Amino acid sequence: MITPNLLFKFKHHIFLILAASYLLLNACKVAKAKGTAGEIKSEVKSSKIEPAFGNKFIDGCNARMKRNYDEALVLFLDCAKMDPSNAPTRYELAKLYLEKNNNLLALENAKLCAAADSKNEYYQIILIDCYNANKQYQQAIKARENLVKSFPNNSEFKEDLAIQYSIAGMNDKALAIYNDLEVVYGVNEQISLNKVKLFKRQQKLKEAEAELLKLSASNESEPRYCAYLAEFYEEKGDKVKMKEMYDKILKLDPNNPTVNLALSDYYYSINQPNEAFTFLKQAFLNPELDVNTKASIASTYYSRAEQNPKSNYKEQGRELSSLFLKAHPKNTDANGIYADFLMLDDNKVEASKYYYNAAFTEKNNYHVWEQLLFIYHDLRNYDSLEVVSTKAMDIFASQPNPYFFNGVANLKLKNYKKAAQSLKDGLEFVVDNKAQMLNFYANLGDAYNSLKEFEKSDKAFDDALKIDADNTMVLNNYAYYLSLRKTGLDKAEKLSKKCNELAPNNRNYMDTYGWILFQQNKFFEAETWLGNAVKIGNPNPNILEHYGDVLYKLNKIDDAMKQWELAKKAGSTNPQLDTKIKTKKID
């Protein structure tokens, strides 16, 4: 016969050999059973179906190995029709039906193959699996007991039976098996831990402790066994014995990060924060402590430092993040969290270095990319902002902020066409965020204005004002651009007037309004607004020049010259100003 364990273990070419063996073995059985030449001849005539059966069986096994379960099922069902009593076929069908969660049909076929060969361990195991799948746990236990009887030297089968007993609440029977195994194999970690679970389930804590002490005594140099005891004492609330175990572990393994973390928790629990932090730092120094644990702890300190700026969380968190970075210098979280702490002190220049490391180490961490973009923007590092935002647009194609920052960077770098394209593209990804959408429209208005696409610029500003009609920046910029073009001056005057009502005494807004009045030939009103704007803050070359222009129009030539000279001194780079000063007039 074709045995299922061979089918289970061997590859395609073995199946061919097994198929041939099946036919030969079956022929031998026929010969023994019939005895006479005539009877054998008759059986051979009726066995013409066997080559077709063998081929289908092999094809079914191949299909199952390729996970083509539906195809395999059809082939094995055909085999079952050809030979209903064939045990390997029923075994394969049981496995397939289990795979497809058809547990009843799986059990039906498992029973047939198990009954056909009670000494075949694979047939018995599939029967047990099917009983469990159908929640027939008592039958599963009986089948496991039979399996252990059939294979008394197989310790794995005994352990599986003990687990089945344990699940069924038959704790004494499970314990008896573990004790028998211990007699044969001596004190064994897994057996001891299984016994401890049983004792805990029965609230036999003394027996559980004794079992763990016995395990620890079997190898006193193994820190893991002490850790089991420490955990046990912690569950019991016996902090004294727990501490004894951790101290013992530290003597065996002084750099054990798990123990250092446990001791840190212990000292926090007894209100000794300095001692607790010492052990926490020791854990962070160890590269073997996984980075996720370190990142989680450091992030907790960061959150607490944000919420309680005057606490010592910031100082301790910065120290932990520094140790984290020292142990894992190329890790994204280590760089990113260290940068987060630098940002708590507003150290943007230094933080940008570590956000950059984090961003380009693990390119799918959006948080660090966004932080880097904000910092470059705040630092007015527009070259770096343009480069990094371009990369971020490729990686995070559906995030709007990279497009926004790319647009801003290109605006500042006077790449107006690129700026407009990025801002236009990014708008498509803004969802339910009016403030963000307004920023896109406002900067898009600037970009189109610089490109002299004034109709698009006006529409962008109008769209921005539909979102927030009182946004002073949009009101001012829109009005100023209209005044420069000397078109829509009435609209510009209304926009600017509203802006100044919303934000009085802002010299830039006052300058815009004064300049619009100038364009409307309202020189006396313009003089008042621009004269007041000049008095606010440090000398501003644009405001001084505008003030000089309106004074000129009022025939105050000497006063105009004085303001133009001050504008030049204040750093104006307008070439027309030099002409005004030289000719003492406005062209």
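Start by selecting Lys206 and Ala217, which are exposed (over 50% relative accessible area, with a 1.4 Å probe and protein chains only). Both sit on the other side of helix α13 from its buried residues. This is a predicted model, in which local features need pLDDT of at least 70, side-chain atom pairs count only at pLDDT 80 or more, and totals for chains, interfaces and linings use all residues. Residues are numbered from 1 along each chain as its sequence is written, and side-chain values use heavy atoms, with hydrogens and water left out.

**Stop 1: helix α13 and its surroundings**

Now select residues 205–218, the whole of α13. Helices here are DSSP runs (H or I, at least four residues), numbered from the N terminus. The 14 residues of α13 should span 20 Å at 1.5 Å a residue, and its end C-alpha atoms are indeed 20 Å apart. The expected span is 1.5 Å times one less than the number of residues.

Next, colour Ala208, Glu209, Glu211, Leu212, Leu215 and Ser216, which are buried (under 20% relative accessible area). Why do they lie on the same side of α13? They cover an arc of only 160° around the axis, which puts them there; the arc is that of the directions from the helix axis to the C-beta atoms. An α-helix has 3.6 residues a turn, so residues three or four places apart point the same way.

Show α11 (171–185), α12, α14 (223–236) and α15 (239–252) as well: the buried residues of α13 pack against these helices. Within α12 (residues 189–201), pick out Ser192. Ser192 is buried, with a relative accessible area of 0%. Leaving aside neighbours within four places in sequence, Ser192 is in contact (heavy atoms within 4.5 Å) with Glu182, Val187, Glu211 and Leu215. Two of those partners, Glu211 and Leu215, are among the buried residues of α13 you have just coloured.

**Stop 2: aromatic rings**

Select Phe232 and Tyr233. Their rings form an edge-to-face aromatic pair, 5.7 Å centre to centre with 65° between the planes. Rings of Phe, Tyr and Trp (its six-membered ring) pair if their centres lie within 6.5 Å; planes under 30 degrees apart count as stacked, over 60 as edge-to-face and the rest as tilted. Phe232 is buried at 2% relative accessible area, and Tyr233 is buried too, at 3%.

Then jump to Tyr513 and Trp529, whose ring centres are 4.7 Å apart with planes at 80°, so this pair is edge-to-face. Tyr513 belongs to helix α30 (residues 507–519) and Trp529 to helix α31 (residues 523–534), so the pair ties together parts that are 16 residues apart in sequence. Is each ring buried or partly exposed? Tyr513 is buried at 6%, while Trp529 is partly exposed (between the two cut-offs) at 28%.

For a group of rings, select Tyr356, Phe360, Tyr366, Trp369 and Phe396, which form one aromatic cluster. Across the whole structure, the search finds 27 aromatic pairs.

**Stop 3: nonpolar cores**

Which residues touch the most other members of the largest nonpolar core? Select Leu280 and Phe284, in a core of 74 residues. Such a core is a set of buried Ala, Val, Leu, Ile, Met, Phe, Trp, Tyr and Cys residues joined through side-chain atoms within 4.5 Å. Not counting residues up to four places away in sequence, Phe284 touches several residues, including Leu289, Ile297, Leu320 and Phe324. A second, separate core of 65 residues includes Ala94, Leu96, Cys113 and Phe232.

**Stop 4: helix α25 and a loop**

Select residues 416–427, helix α25. Its twelve residues reach 17 Å from first C-alpha to last, close to the 16 Å expected at 1.5 Å a residue. Ala419, Ala420, Ser422, Leu423, Gly426 and Leu427 are its buried residues. They cover an arc of only 165° around the axis, which puts them on the same side of α25. Lys417 and Lys418 are exposed on the other side. Among the elements covering the buried residues are α23 (382–395), α24 (400–412) and α26 (434–450).

Finish at Leu379, in the loop between α22 (366–378) and α23. Leu379 is partly exposed, at 34% relative accessibility. Not counting residues up to four places away in sequence, Leu379 touches Lys348 and Val349. To link back to Stop 1, draw a distance from Leu379 to Ala208: their C-alpha atoms are separated by 62 Å, and the two residues are 171 apart along the chain.

Note on methods: Helices (H or I, at least four residues) and strands (E, at least two) are DSSP runs, numbered from the N terminus.
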